[in-house]
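Student: I would like to learn how to read a model like this one, feature by feature. Where do we begin?

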Amino acid sequence: MAAVVTAPDKPAGRGLQLHSSPVKDYAISQNIPVLQPIKLKDPAFLEELKSFNANIQVVVAFRMLPDVVWQMPDLGTFNLHASLLPDYRGAAPINWAVINGEKETGITTFFLKHEIDTGDIIFQEKIPIGPDENTGSVHDRLMMAGAGLVLKTLKAIEENNIKPIPQIIDHDSKPAPKLFKENCRIDWKDKNLDDLHNFIRGLSPYPTAWTTLDGKVLKIYKTEKEAAANDKATGSIITDQKTYLRIATNGGYLQLLELQLEGRKRIGVEEFLRGSAVKGKEVI
């Protein structure tokens with residue numbers, strides 16, 4: 001490995017001391033040169049990057065590269081993306097696959113081109129998504145599989161044993177746009193039981209689905225479905241104020257298992273109920 005390019009150190013913690021990325025820490029431990037450009041078009045950075053004479057570049061979870069960077073090596077630049085392209089191009093592929101109730105997703109290596117996530121596909125690998133699995137656990141499994149796929153891709157390129165396949169992108173391709181706080185708000189009125197369950201697990205543990213209770217933000221991390229006929233208004237809370245908290249939905253009840261009220265820590269439902277009187281209320 002010629003060098004590693006990673007984000008600049010950032011202030012974090014109470015003292016706002018500068019912290020380096022795990023990528024940088026590992027590279028230093030292996031005596032690999034580290035580049036941390038603020039601007040990817042900075043002439044000094046481009047000159048330094050070019051000086052390594054790398055014949056291939058690998059991109060994993062990094063920002064969009066300018067043409068002058070990804071076109072630099074002779075053998076090209078490839079990216080690892082956490083979906084089965086051309087589906088779920090964009091910033092939040094794992095979240096949207098889970099939100100949409102997909103039963104499988106995967107990883108793709110592809111050569112970079114100007115339009116984001118549109119380059120020719122080198123390899124893909126599928127993995128299943130469990131019916132109650134959240135984005136965090138899918139991410140962790142994809143991360144491990146992704147490491148193997150990157151090594152496989154590098155070896156195949158080294159041996160000139162690849163046949164890249166152009167992506168066919170049409171109106172049926174599913175997008176994965178960036179998530180913001182407002183589109184993480186739970187829509188109790190218009191979504192059914194399955195959609196609500198998928199939405200919450202698709203945003204767990206980050207950026208997290210939320211609603212409001214007594215005017216405060218309530219983040220919900222884990223739920224369980226209970227399909228049943230009910231005559232309660234959607235968003236109504238049903239609880240014994242001790243062990244369970246159900247929300248009435250279209251198609252049944254959603255059991256809340258892990259949640260976090262504004263200003264408090266993330267906790268289980270029983271601990272939450274010991275400190276919050278919610279019987280007879282509703283979430284909106």
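Tutor: Begin with one side chain. That of R201 reaches the backbone oxygen of E133 at 2.7 Å. Keep in mind that this is a predicted model.

Student: Which other backbone oxygen does the side chain of R201 reach?

Tutor: That of G130, at 3.1 Å.

Student: Where is R201 found?

Tutor: In helix 6, which spans residues 193-202.

Student: How do I read the charge of a buried arginine? What is the nearest side chain of opposite charge to R201?

Tutor: Check the distance against the cut-off. A salt bridge needs a side-chain nitrogen of Lys or Arg within 4 Å of a carboxyl oxygen of Asp or Glu. For R201, the nearest side chain of opposite charge is D132, 5.7 Å away. R201 is buried and has no salt bridge.

Student: Which residues does R201 touch, leaving out those up to four places away in sequence?

Tutor: The list runs V98, G101, I129, G130, P131, D132, E133, N134 and T135. E133 and G130 also offer R201 their backbone oxygens, at 2.7 Å and 3.1 Å.

Student: With which residue does the side chain of E133 meet in a salt bridge?

Tutor: With R141, at 2.9 Å from N to O. Now add accessibility. E133 counts as buried because its relative accessibility is 15%. R141 counts as partly exposed, at 33%.

Student: How many salt bridges does the structure hold?

Tutor: It holds 9. One of them joins K174 and E102, at 2.6 Å from N to O. Next, ask what such a pair links. Here it links distant parts of the chain, 72 residues apart. K174 is in the loop between helix 5 and helix 6. E102 is in the loop between helix 4 (93-99) and strand 7.

Student: Are K174 and E102 buried or exposed?

Tutor: K174 is partly exposed, at 33% relative accessibility. E102 is buried, at 17%.

Student: Could you give me another salt bridge to read?

Tutor: Take R266 and E258, whose side chains meet at 2.6 Å, N to O. R266 is partly exposed, with 38% relative accessibility. E258 is partly exposed too, at 25%.

Student: Now the sheets. In what order do the strands of the open sheet stand?

Tutor: Read the order first, then the pairing sense. The 4 strands run 5-6-7-8, with mixed pairing. Strand 5 (57-60) and strand 8 (121-128) each have a single partner strand, so one side of each lacks a neighbour in the sheet. Neighbouring strands are turned by 15° against each other on average, ignoring direction.

Student: In what sense do strand 5 and strand 6 pair?

Tutor: Parallel, over 4 bridges. Strand 6 covers residues 77-81. For register, look at V60, which stands opposite L80 in strand 6.

Student: Which helix lies across strand 5, strand 6, strand 7 and strand 8?

Tutor: Helix 5, residues 135-158. Helix 5 runs at about 150° to strand 8.

Student: How do strand 9 and strand 10 pair?

Tutor: They are antiparallel, over 5 bridges. Strand 9 is 209-213 and strand 10 is 216-227. T212 faces V217 in strand 10. Strand 10 is also joined to strand 13 (252-261) by 9 bridges, again antiparallel. There, K225 stands opposite L254.

Student: Which residue of the hairpin takes a positive phi?

Tutor: D214, near 55°. The hairpin has 2 residues between its strands. D214 is not a glycine. D214 counts as exposed because its relative accessibility is 55%.

Student: What is the phi of Q241?

Tutor: About 65°, positive although Q241 is not a glycine. Q241 is found in the loop between strand 11 (237-239) and strand 12 (245-249). Q241 is partly exposed, at 24% relative accessibility.

Student: One backbone check remains. Which residues does a cis peptide bond join?

Tutor: Read omega. One cis bond joins L85 and P86, with omega about 10°. P86 lies in the loop between strand 6 and helix 4. Another joins Y206 and P207, with omega about 5°. P207 lies in the loop between helix 6 and strand 9.

How values were computed
Residues numbered from 1 in each chain as written. Predicted model: local features only at pLDDT ≥ 70, side-chain atom pairs only at ≥ 80, totals over all residues. Heavy atoms only, no water. Pairing = 2+ DSSP bridges. Axes fitted to C-alpha atoms, helices over the stretch in contact; angles between N-to-C directions. Contact = heavy atoms within 4.5 Å. Buried < 20%, exposed > 50% of the residue type's maximum accessible area, 1.4 Å probe, protein only. Lys, Arg positive; Asp, Glu negative; His and termini not counted. Polar contact = N/O pair within 3.5 Å; in protein donor to acceptor, adjacent residues only side chain to side chain.
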